Amino acid sequence: MDKIVDRPPASAPLAALTDAFQAMVARSRAEAPADCAERLDRLARLRAVVADNEERFRQAISADFGHRSAVETTIAEAMLVFSEIRHAAKHLKTWMAPQRVATALQFLPARNRLMPQPLGVVGIIAPWNYPLQLTLAPAIGAIAAGNRIIIKPSELVPHFSALLKETVAEKFDAGELLVTGVEDEVAKGFAHLPFDHLVFTGSTRVGRLVAEAAGRNLTPVTLELGGKSPAIIDASADLDEAAERIAYGKLLNAGQTCIAPDYVLVPESTMQAFAEKVRAAMRRMFGADPANKDYTSIISDRHYARLEALVAEAAQHGAKILQPAKADDPNWKAHRKFPPTLILGATEDMAVMREEIFGPVLPVLGTREPADAITFINRRDRPLALYWFGKDRAARDEVLTRTVSGGVTINDCLFHFAQTNQPMGGVGASGTGAYHGEWGFKTFSKLKPVFYRSKFNRLADLYPPYGGKIARLETMMRFMS
């Protein structure tokens, strides 16, 4: 049956999207699922989209940010996309094969199998902060699973979005993979389409709206959200090592990373020393010159002003601010680069400790007892990521056992995200569902259970008319159960 959109098209762009969606749904129902060779071909074409235009993507993303470090675009976007595609292509045949499932004794010699099938049409609502990687990573899983895909890029990266639309159209038929425009009507209407699965990466606030819209169609969702991801410095940690790694994790992409360490919990006795070490590490990496090409700009004036307000409010309420320059310094503001900032003495009632920061601002909070960090984290929404630094295995395992988060990196930041054999996903307010590698394949597949009955099985004894045979069969089944 054709799917029906729950609201009438309100504009030409939305009408075009609706028509493209319905055509894609019709093809997904009428045509046989893509075989392994076809899926591998689609993965190869997606790789070519990036490989053939890598420099153009770097330039487009930099134009959207005002300035984006070329190295960061390469290592945190293009290389991760290539790695995901290579991993999927290598394992696709195995993933697609029906899986053996044990059969209960009373049903032998029948057999069970799990048969992976594509869901149909997958929608992807992409973010702006890592537009290439966070747009294509879920698409890779959806392609591997044999789905057709429609991508809605972020309106905050118009140069990138236009380039992605152009380059994808050169390599893909509109019935395989389609990139929409970024018109406001498309953004508002996209989540209301009855996709077979919908992926959203972005803020928790918008994620709730997407989930509500998708829920009207009973569309399953994967929500990759954010939140306040903590870093814990144990008393056993090497402060120099921890400071350097947290500085990198915080300042990559100028802190505009959903899994960036949002704040640090450190023993009170070493809080000041640790903050100074982080400050020194930030300066070694990125200097104090806003023209530094390695340091990325904030995506928009609005986001810059939001960060200014967070820092100003913390200072007004007594927090100590460590910066190489004030955020309103014309030299920094002209480049829309926010000075790397540490906040000491932040309290729970400050906005900087209530909101996800999403920028190069790092509150450092002191703890009196090791258990204080666990208590502090558990009073809040489940974070997307958690980072622990130290050498005490018992203390480490206590944190791992007693806290719940989307993912964890021990003695570093961010790198759990890059593991293709591990799922990436949040929990609670930080998201739902997961992808990457085989986890992505399974997310975008229906693992259909199939029972193959054997002619030698006595299941016919269950049919009426009931008599002595059913009593004997019941006795046997109870014994076997």
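User: Hi! Which residue caps the N-terminal end of helix 9?
Analyst: D238 does that job: one of its side-chain oxygens sits 3.1 Å from the backbone nitrogen of D240. Keep in mind that this is a predicted model.

User: Noted. And what does N253 do just after helix 9?
Analyst: N253 adopts a positive phi of about 60° there.

User: How far does helix 9 reach from its first C-alpha to its last?
Analyst: Helix 9 covers residues 239–251, 13 in total, and reaches 18 Å, close to the 18 Å expected at 1.5 Å a residue.

User: Nice. Which of its residues are buried?
Analyst: In helix 9 the buried ones are L239, A242, A243, I246, A247, G249, K250 and L251.

User: And what covers those buried residues of helix 9?
Analyst: The cover includes three helices and strands you can pick out easily on screen: helix 4, helix 10 (271–286) and strand 8 (230–233), among others. Strand 9 (263–267), strand 12 (361–367) and strand 13 (385–389) also take part.

User: I246 caught my eye. Which residues have the most contacts inside the largest nonpolar core?
Analyst: I246 is one of them, along with I233, I259, F274 and V352, in a core of 113 residues. Helix 4 (residues 70–96) gives the most to this core, namely nine residues.

User: What is V352 in contact with, beyond its sequence neighbours?
Analyst: Leaving aside residues within four places, V352 is in contact with K228, D262, L310, E313, A314, I343, A346, I357, V361 and P363.

User: How many residues are in the second, separate core?
Analyst: That one has 20 residues, including V121, I150, F195 and L225.

User: V121... which residues does S28 touch?
Analyst: V121 is among them, with G120 and R148, not counting residues up to four places away in sequence. S28 belongs to helix 1 (residues 12–30). Its side chain also reaches the backbone oxygen of V25 at 2.8 Å, and a 2.9 Å polar contact links the side chains of S28 and R29.

User: Switching to pockets: how much space lies in the largest one?
Analyst: About 1500 Å³. Its lining has 50 residues, with G202, S203, T204, R205 and V206 nearest the centre.

User: Which element supplies the largest share of that lining?
Analyst: Helix 8, with seven residues. Helix 7 (184–190) and strand 6 (197–201) are among the elements that each supply at least two.

User: Last one: what caps helix 2 at its N-terminal end?
Analyst: D35, through a side-chain oxygen 3.3 Å from the backbone nitrogen of A37. Buried residues in helix 2 include R39, R42 and L43.

How values were computed: Residues are numbered from 1 along each chain as its sequence is written. This is a predicted model: local features need pLDDT of at least 70, side-chain atom pairs count only at pLDDT 80 or more; totals for chains, interfaces and linings use all residues. Side-chain values use heavy atoms; hydrogens and water are left out. Helices (H or I, at least four residues) and strands (E, at least two) are DSSP runs, numbered from the N terminus. A polar contact is a pair of N or O atoms within 3.5 Å; within protein, one must be able to donate a hydrogen and the other to accept it, and residues adjacent in sequence count only if both atoms are side-chain atoms. Contact means heavy atoms within 4.5 Å. Buried means under 20% relative accessible area, exposed over 50%, partly exposed in between (1.4 Å probe, protein chains only). A nonpolar core is a set of buried Ala, Val, Leu, Ile, Met, Phe, Trp, Tyr and Cys residues joined through side-chain atoms within 4.5 Å. On a 1 Å grid over the protein atoms alone, a cavity is a set of points where a 1.4 Å probe fits but cannot get out, and a pocket is an open set with protein on both sides within 12 Å along at least five of seven lines; lining residues have an atom within 4 Å of a point. Grid points are joined across faces, edges and corners, and a volume is the space filled by probe spheres set on the points. The expected span of a helix is 1.5 Å times one less than its number of residues.
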